[in-house]
Amino acid sequence: MSQITEVRLTIAAIIYAIEIDLKSLIIKHLTPYHDNLNFIGSQETIDNTVKRFKNDNEDIPIDGNIDDVIQYLDFADFFEVILSNKGFFPDSIIKEIKNSLTELEKLIAIRNRVMHTRPLMTSDFSIALSFGKTKQEFSNDVWLTLKSTLDKIEEDPSYVLTLSLSFLKLSNEDAHHNLPIPDFDETGFIGRKKDVADILKLILGNNRVVTIMGDGGVGKSALALKVAYDILDMGSKNPFDIIIWVSAKTTMLTVTGIQEIKNTLVGFGGVIQGISDAFDSSNKEENQLAIILEYMELFDTLLIIDNLETILDEKIREFIRDASQQSKILITSRIGLGELEFRRPLDGLSDQESISLIRGLANLKKSTILNKLKNEKLIEFVKKLYYNPLQLKWFVNSVETGISPSEVLNNKEDLLDFCLSNVYDKLSENAIFIIQTILAARKDLNDAELMYTTELPTLAQRRGLNELFSTTFIKRVMEHTNDDQDFRYSIPEFSKEYILKNHPINSSHIKKITERLRVLNISTLNIERVSSYNEFGTNALTWNNPSEKIIATKLSEALQYSKNGDVDNALKSINEAKSILPNYAEVYRVSGFIKGSYEDLLGAEADYKTGLEIAPENPRLLFYYSGFLLKMNDLINAKIHVEKLIKIRPEAIDPNILYGRVLSTTGKFVEAIDLFNKLLKNRENNKRKIAKISTALIKSYSYWARAIVEKDGDFDLAITKFKQAIEIYENSVDSGNYDEKTTQAFCFVIKTYIKLIPKTHNQENAQGIINLLKKYDEQMSLVQPKEILQKILSNTFGEIREKHQGSILSIPDSSDTDSNFAFIESDGKSIYANKKDFKTSSDFNVIDIGMPVEFELGTNTIGECAINIEVK
């Protein structure tokens with residue numbers, strides 16, 4: 001049992017003196033006139049008093065010993081007995097008791113806390129002392145013992161250490177326990193109402209192991225002890241038969257530095273011995289662990305292990321795992337146990353609680369420095385001490401040695417080391433790297449920013465964070481942004497000060513992280529710019545919170561890898577993004593697009609569906625999934641999804657073009673073409689939009705023509721549709737509203753045309769096609785090798801030559817019956833024309849000089865000649 005503190009003894013001495021004075025009044029004015037206890041009034045009070053008396057004095061009769069029996073009245077019973085027997089007391093005494101009644105009633109709870117070694121509350125000492133001081137200043141015959149006691153305490157404060165106060169009962173509880181007397185009696189237990197309530201709820205609930213985790217000196221032990229005593233005070237509702245306290249605290253902080261604690265429990269063996277002693281101090285068996293577990297199986301046990309982080313032995317984890325099956329365990333530690341526990345972090349005190357602590361200590365020490373300071377100034381000190389109770393006590397004690405407050409605050413090395421060093425030294429390399437990165441960033445970071453700045457693999461980063469979560473070196477705060485949540489990580493100021501003083505960050509690392517964050521900012525700005533230009537562009541990305549914003553850069557990186565043909569790295573970036581933000585819909589849209597581009601069709605569809613489960617009305621997801629389904633020729637589902645998209649974005653060009661494509665593919669050509677023509681009339685169209693619409697319109701006419709040939713065999717009608725498609729392209733080029741895809745659509749029209757239309761219908765249009773190829777040679781050469789079209793033309797029409805215009809230059813003498821040739825003038829040249837190369841012999845017979853003709857160039861044994869000559 002810890003030594004009873006001077007504060008607790010002082011309160012006990014005051015209350016004991018009050019109790020003696022009240023007893024003396026009863027013995028002097030009341031008991032001489034009674035031979036039984038009926039003057040007490042309540043039969044229940046009489047019975048309880050007699051019972052307590054008999055427990056200590058079994059053979060002594062009640063009759064004739066009333067003065068002895070009333071010694072066993074409860075504190076409250078004394079002044080209630082006096083007030084219920086007013087006629088036996090002078091009016092001055094009754095008046096004094098009545099005037100003191102409010103204060104006396106307050107002392108009842110304080111007496112109970114003192115008597116049962118419960119944690120004192122903040123105001124306990126001041127209430128007791130104030131009552132005594134008030135009575136000491138005024139002369140009357142009621143409080144004689146109280147006055148005498150206070151006089152002695154003022155003359156010699158150590159006087160209370162010599163008192164033998166019989167009413168202090170250090171272990172008279174329903175449940176067996178070895179709880180120490182609280183070591184925070186100087187100020188009482190300050191605040192922490194919610195913390196106490198939370199820990200009680202956790203312990204009394206379904207949790208087997210609860211860890212109160214926080215920095216050194218933040219009040220973990222005090223909180224655990226307060227909770228333990230509160231459980232004891234539950235009486236019959238206390239679920240535990242035994243409450244055991246063992247402490248592995250090895251050091252303490254004093255104004256002169258860190259000092260070792262003697263006779264502390266060291267290591268796993270020490271803890272087991274301490275628990276064993278608490279169960280049965282006579283137990284010297286070798287197999288103590290088995291006996292402890294047997295006790296825990298027989299009795300409902302609450303085991304409290306204080307300062308567990310000092311125990312390095314892995315066996316302690318095994319013991320806690322086994323013991324938690326039989327009992328409940330409350331731990332205080334600076335390092336968590338991981339999966340074994342429910343972890344309850346403990347922060348510092350509030351502003352008001354911190355001031356109360358400083359003021360309480362300063363009053364006890366009769367401070368001439370701190371008592372003069374205003375609350376605003378104290379708050380400045382409190383902030384620099386991070387609201388840590390131990391640091392605040394250390395601060396007050398240091399100031400009271402004659403050191404100025406500012407000097408105390410500037411020399412906190414021992415304080416920082418005491419609270420944090422034995423935790424930092426146990427961290428892994430990755431955990432330390434994460435701390436250094438957050439500090440180097442000079443701002444809070446979320447998961448995505450950490451991934452980007454540390455460049456650690458996702459699994460390594462998560463392990464490092466989990467390790468830090470079991471300490472107080474990192475703080476996670478939830479931010480609410482756009483109806484979403486984002487976790488951000490920071491290093492608490494107390495930990496930050498320790499690290500920067502003892503483990504400074506390398507300047508090169510700070511510069512590296514700063515540069516990466518700068519590049520990150522530029523990347524996200526570029527993504528925003530691209531996305532604002534075209535909502536449905538492949539590289540367009542949107543986000544709802546800072547984490548998604550960072551992951552968007554990962555997706556942009558994946559798209560670039562995919563564009564360069566590096567599918568492995570593209571998918572690697574995608575997988576990293578999924579592991580960081582599995583609920584970010586854009587991840588699955590980009591993943592589906594990339595997989596679909598590389599023919600992983602099942603994987604692509606799975607990603608699209610997952611994305612739509614997360615964001616069922618995401619326009620870009622619907623757009624790309626509809627396009628994917630169209631590519632898969634799943635026209636029914638493509639139509640369902642694109643119609644849903646149109647309802648969300650009814651005026652958007654890209655969704656409407658996609659809808660038109662679906663209509664066209666399903667054979668609704670008139671509807672599709674009407675839709676495209678309607679879109680072309682939109683005054684807000686720019687060149688890019690017009691080119692997209694024109695491209696879709698060209699393809700629709702081409703598909704329509706092909707459908708006419710395949711279903712009806714009406715080649716002439718099909719040629720009409722082909723020509724309409726060609727006309728659209730020509731108009732697009734003339735107006736400058738075309739792009740590569742428009743030209744590709746035009747090439748598609750030409751190839752489809754010459755493949756589907758038979759020679760018998762094609763011959764008369766062959767020259768027109770040749771002219772188109774010549775006219776748009778420059779555009780087509782950018783998207784289509786010219787030789788491919790020429791080969792198709794050759795296979796379809798045979799060798800096709802360009803038509804030339806000319807006139808008959810000369811004809812041989814008609815008397816020459818063997819005359820069968822003539823000469824044609826064209827472009828200033830004279831070209832030989834044989835009779836057999838005219839389309840008909842009658843044409844040759846009617847020619848005359850100057851008559852216009854149309855021909856193609858060919859060759860004979862002599863050289864160039866005219867062929868396929870036709871008279872015009």
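Helices and strands here are DSSP runs, with helices (H or I) of at least four residues and strands (E) of at least two, numbered from the N terminus. On that numbering, glutamate 455 sits in the loop that runs between helix 19 (447-454) and helix 20 (458-469). The model is a predicted one, and the backbone at this spot is a good place to start. Most residues other than glycine have a negative phi. Glutamate 455 goes the other way, with a positive phi near 60 degrees. Its relative accessibility is 45%, so glutamate 455 counts as partly exposed.

Arginine 442 makes a natural companion. This residue, again not a glycine, has a positive phi near 60 degrees, and its place is the loop linking helix 18 (429-441) with strand 9 (445-446). Because its relative accessibility is 60%, over the 50% cut-off, arginine 442 counts as exposed. A further positive phi, near 50 degrees, turns up at threonine 117, which follows helix 5.

Helix 5 itself deserves a closer look. Spanning residues 91-115, helix 5 has a kink of about 60 degrees centred on leucine 101. Buried positions in helix 5 include Ile93, Ile94, Glu96, Ile97 and Ser100, and, further along, Leu104, Leu107, Ile110, Arg111, Val114 and Met115 are buried too. An α-helix has 3.6 residues a turn, so residues three or four places apart point the same way. As for what lies over the buried residues of helix 5, the cover includes helix 1 (6-29), helix 4 (75-83) and helix 6 (124-137).

Moving on to the pockets, the second largest one holds about 1300 Å³ of space. Its lining runs to 37 residues, and those nearest the centre are Thr538, Phe623, Arg661, Lys692 and Lys741. By type, the lining splits into 16 nonpolar, 13 polar and eight charged residues. Helix 31 gives the largest share, seven residues. At least two lining residues come from each of helix 22 (507-533), helix 25 (585-597), helix 27 (619-631), helix 29 (653-665), helix 31 (687-712) and helix 33 (740-756).

Last comes a charged residue in a strand. Glutamate 856 belongs to strand 15 (residues 852-859). With a relative accessibility of 9%, under the 20% cut-off, glutamate 856 counts as buried. Its side chain has a partner there: a polar contact of 2.8 Å links the side chain of glutamate 856 to that of asparagine 868.

Notes. Residues are numbered from 1 along each chain as its sequence is written. This is a predicted model: local features need pLDDT of at least 70, side-chain atom pairs count only at pLDDT 80 or more; totals for chains, interfaces and linings use all residues. Side-chain values use heavy atoms; hydrogens and water are left out. The bend at a residue is the angle between axes fitted to the seven residues ending there and the seven starting there. Buried means under 20% relative accessible area, exposed over 50%, partly exposed in between (1.4 Å probe, protein chains only). Contact means heavy atoms within 4.5 Å. On a 1 Å grid over the protein atoms alone, a cavity is a set of points where a 1.4 Å probe fits but cannot get out, and a pocket is an open set with protein on both sides within 12 Å along at least five of seven lines; lining residues have an atom within 4 Å of a point. Grid points are joined across faces, edges and corners, and a volume is the space filled by probe spheres set on the points. Ala, Val, Leu, Ile, Met, Phe, Trp, Tyr, Cys and Pro count as nonpolar, Asp, Glu, Lys and Arg as charged, and the others, Gly among them, as polar. A polar contact is a pair of N or O atoms within 3.5 Å; within protein, one must be able to donate a hydrogen and the other to accept it, and residues adjacent in sequence count only if both atoms are side-chain atoms.
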